[in-house]
Amino acid sequence: MALMEVNKLSKAFGGLVALNNFNLQVEAAELVGLIGPNGAGKTTVFNILTGLYRPTSGSLVFDGHDLYGKHPHQITKMGMARTFQNIRLFDNLSVLDNIKIAYQAVINYGLLPVFFRVPPFYRVEEQIEEKSLKLLEIFDLKKLAQEKAKNLPYGEQRRLEITRALATNPKLLLLDEPAAGMNPNETSDLLDLIKWIKDKFNLSIILIEHDMSLVMRLCERVIVLDYGSIIAEGPPSEIQQNPKVIEAYLGDEEVASWEK
Amino acid sequence: MEELLQQLFNGLSLGSIYALIAVGYTMIYGIVKLINFAHGDVMMVGAYVALAGTIMGLGFIPSLVIAMIACAFLGVLIELVAYRRVRPVSRLAALTSAIGMSLFLEYTMMYFVGAEIRTFPPGVLTERTYNWAGIIITNKDLLVLGTTVVLVVFLQFIIYRTRTGKAMRAVSYDGQAAQLMGINVNNTISITFFIGSALAAAAGMLIGMYYNSINPLMGMMPGLKAFIAAVLGGIGSVPGAMLGGILLGMTESLVAGFGGSMYRDAVAFIILILVLLVRPTGLLGKDTQEKV
Amino acid sequence: MKKNLPIVFVCVLLFALFAVVQVGLSSGFISSYWETNIYLIGINIILAASLNLINGITGEFSLGHAGFMAVGAFAGGVITLNLGLPFLLAIVVGMLAAALAGLLVGLPTLRLRGDYLAIATLGFGEIVRVVMMNIDYVGGAAGLMGIPAVVNWPIIFISVVFTILLIRNFICSSHGRSCLALRENDTAAQMMGINITYYKVMAFVIGAALAGLAGVLYAHYYTIIQPKEFNFLLTFDILVMVMVGGLGSLTGSVVGAVLITVASAFLQSIPELRMVIYAALLIASAVFRPQGLLGAKEVSMNLLRKWGGVLNGSDGSKQAQ
């Protein structure tokens with residue numbers, strides 16, 4: 001059974017149909033690309049999957065759980081994590097605290113230890129701190145642990161956001177334009193990072209990206225959205241040849257970058 | 001039935017005063033996204049200026065105009081001194097500053113004129129009452145309603161028919177974009193305070209006549225009520241503020257008229273909370289969902 | 001690593017403070033005027049710190065604090081005056097009643113944001129006041145008179161320490177961090193598995209309970225409480241303390257409460273100009289120090305060293321790292 005199964009998903013905002021009959025299956029340890037022109041409804045898919053929006057119709061099953069009507073925090077605990085197109089860190093908190101906050105989805109204590117410092121408090125806090133620092137070390141952010149998140153350079157903010165998402169221990173990671181605003185060097189580092197994350201943490205990834213070279217080199221399967229509907233689906237090599245896709249992108253600058 | 005109509009009519013004149021204050025509130029909020037707590041106190045200053053005018057023997061309209069002009073400049077000054085520097089830095093600090101400015105106006109006025117209640121000299125308006133299909137209407141009510149209508153029509157003209165109004169709408173929609181389009185944002189904000197405060201001054205004179213009482217703390221409750229009216233109607237929306245003001249005025253006089261005067265002040269808030277629960281952005285407010 | 005002040009040092013400091021004031025009071029060195037103000041400082045610290053938990057830590061914007069305080073004051077007063085039960089029970093019931101009020105306000109107003117939440121909570125406070133005025137059991141508009149005057153310095157002191165410790169423990173825990181996350185970015189907080197509804201309500205409930213505590217203390221010090229005292233101007237006063245100290249800084253709230261209370265105590269001697277000067281100071285502090293005295297920082301070892309470094313003329317910020 002697939003890890004994520006979405007059937008006939010639709011979402012309308014007032015009269016505007018943002019997503020129409022969207023189907024998606026993600027297998028364990030699969031890397032799926034989601035592409036399409038601006039406004040095609042890609043981020044809407046993420047917002048519905050993570051529970052921020054409620055779909056107008058359709059069904060979503062993730063890891064055996066029905067996601068309809070579930071709140072974002074519940075969905076996170078089922079093992080889904082995401083990053084945002086416009087980075088959303090806890091700006092005024094330290095890098096370490098950003099990670100610690102994510103860890104409490106996995107390990108936490110009740111309210112009693114908060115007010116009266118009984119032993120579980122220190123034990124769990126120690127555990128959270130240890131794990132957080134370890135994760136930061138893996139992503140080469142440990143030296144910045146005490147910095148405020150907003151003071152990090154752009155590329156490192158992106159990396160911190162991915163690290164933070166991983167701290168919630170996901171089975172499925174949704175990356176929303178992780179390469180946006182990166183130069184070619186940074187993008188190629190990111191490519192290695194994503195590959196490495198997928199293997200190391202053994203998870204499935206859905207990637208929204210405008211950088212076609214990244215998508216074509218990374219993804220095993222690509223889904224193309226246009227005006228809220230799927231217009232093509234298949235391995236990258238097929239997608240590149242698909243006349244519908246080329247037409248959707250025609251005039252878009254992205255076409256040029258396909259040749260890279 | 002007659003009783004009901006009578007209370008509704010009383011509510012209409014009270015509500016139109018609320019509306020006049022609320023319009024200024026909502027314009028200022030729309031453009032600087034700040035609850036200008038001093039707005040009610042500008043209204044109070046307006047009442048005193050008008051009082052001074054009438055004591056010197058001026059009639060209703062000259063006193064009204066002088067009060068409006070004086071308070072218009074006061075409003076601009078308040079924005080310059082208390083808000084301009086803090087606004088971009090911290091909204092809560094700006095709010096603290098607004099609270100400070102409110103207290104400053106109240107107690108400075110009290111220092112100079114004392115805390116006692118004053119009334120307009122009798123010559124300003126000789127009270128007359130008319131009976132129209134069983135409803136008692138005083139010329140005071142008519143004056144209040146008439147003044148409000150004239151001012152609101154004039155305001156609509158400014159907002160929708162002049163370049164200044166266009167600039168005001170642009171800045172309130174998106175200040176940064178307006179700046180990039182070459183609109184002088186600071187000037188536009190000053191003009192908004194100018195107009196909003198002038199309207200407050202007019203309301204001050206009207207409310208002073210309506211209740212026949214002027215004192216340094218008179219701006220507090222009507223100011224708060226007007227803000228409620230503005231929120232009720234959807235803050236930032238001028239028609240919303242008018243709707244909210246009139247609804248509030250009518251409800252209050254209905255409650256007071258049917259024996260609940262002790263609860264009058266609470267009713268305003270209860271309505272507010274109920275409306276916000278159903279429509280979190282007020283009756284005519286735009287539903288804005290944050291883009292993720 | 002962020003270092004807290006050594007616990008022994010803090011304990012010694014607290015005990016010294018307690019002892020000095022206690023000796024001053026019993027020897028008559030501290031006049032009854034300043035005794036009142038010391039108690040008021042204590043009550044204000046509790047109010048400011050608890051409002052800061054809602055407004056500064058969790059990033060909600062509540063203006064209902066006077067209402068929560070009133071609920072605590074009247075509930076406590078009823079316990080000791082009307083029912084003749086012990087003061088300790090008054091504290092418990094006062095806090096529970098206020099917490100319940102916090103829950104009742106918090107739940108329905110959760111959908112509201114920013115200024116809408118502010119005006120709705122302010123409305124709640126006013127409703128509480130008007131309702132109290134119309135309940136004969138709590139004295140109507142005249143309020144309660146003859147509440148036993150049991151509050152003394154040890155009770156105030158313990159209550160303040162309890163409040164600060166409670167809030168500090170909360171902030172330095174995963175639950176407190178959830179509230180901070182909520183303040184920083186509520187969408188991202190949800191994606192971290194944080195139930196934002198739960199934490200918003202929790203902040204309201206804890207903040208309200210502590211405001212209720214302040215109310216009980218207030219009632220049992222002044223012995224007379226009237227609904228009209230608990231109006232929105234009181235909430236503004238508390239908000240000002242939070243803002244002057246620094247939004248989000250617990251120690252800032254303490255500093256703010258002390259400064260504002262002492263300032264208004266000194267200004268009592270010039271009654272006609274008192275409020276004018278107070279208001280001018282407020283505007284000046286907001287305009288020239290919008291982040292408050294401490295910003296969002298806490299008085300900690302690092303900050304003290306930094307200040308020490310500045311005083312010694314060396315670069316303290318480097319030492320502190």
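**Exercise 1. Classify Glu233(A) as buried or exposed, or in between, and describe its salt bridge with Arg221(A).**

Step 1. Glu233(A) has 40% relative accessibility and so counts as partly exposed. Buried means under 20% relative accessible area, exposed over 50%, and partly exposed in between (1.4 Å probe, protein chains only).

Step 2. This is a predicted model, in which local features need pLDDT of at least 70 and side-chain atom pairs count only at pLDDT 80 or more, while totals for chains, interfaces and linings use all residues. Residues are numbered from 1 along each chain as its sequence is written, chains are lettered from A and ligands numbered from 1 in the order in which they are written, and side-chain values use heavy atoms, with hydrogens and water left out.

Step 3. Arg221(A), at 16% relative accessibility, is buried. Its side chain forms a salt bridge with that of Glu233(A), at 2.6 Å from N to O. A salt bridge is a side-chain nitrogen of Lys or Arg within 4 Å of a carboxyl oxygen of Asp or Glu.

Step 4. Arg221(A) is in strand β9 of chain A and Glu233(A) in strand β10 (residues 229-234) of chain A, so the salt bridge ties together parts 12 residues apart in sequence. Strands (E, at least two residues) and helices (H or I, at least four) are DSSP runs, numbered from the N terminus.

**Exercise 2. Find which residue of the salt bridge between Glu79(B) and Arg84(B) is buried.**

Step 1. The closest N and O atoms of Glu79(B) and Arg84(B) are 2.8 Å apart.

Step 2. Glu79(B) has a relative accessible area of 0% and is buried. Arg84(B), at 23%, is partly exposed.

Step 3. For the whole model, the rule gives 15 salt bridges over all chains.

**Exercise 3. Describe the interface of chain C and chain A.**

Step 1. The contact (heavy atoms within 4.5 Å) takes 28 residues from chain C and 34 residues from chain A.

Step 2. About 2700 Å² is buried between the two chains, 61% of it on carbon and sulfur atoms. Buried area is the accessible area (1.4 Å probe) that two parts lose on being put together, summed over both.

Step 3. On the side of chain C, Arg177(C), Met191(C) and Met192(C) lose the most area to chain A, together 29% of what that side buries.

Step 4. One salt bridge crosses this interface. Arg177(C) forms a salt bridge with Glu125(A), with the closest N and O atoms 3.1 Å apart.
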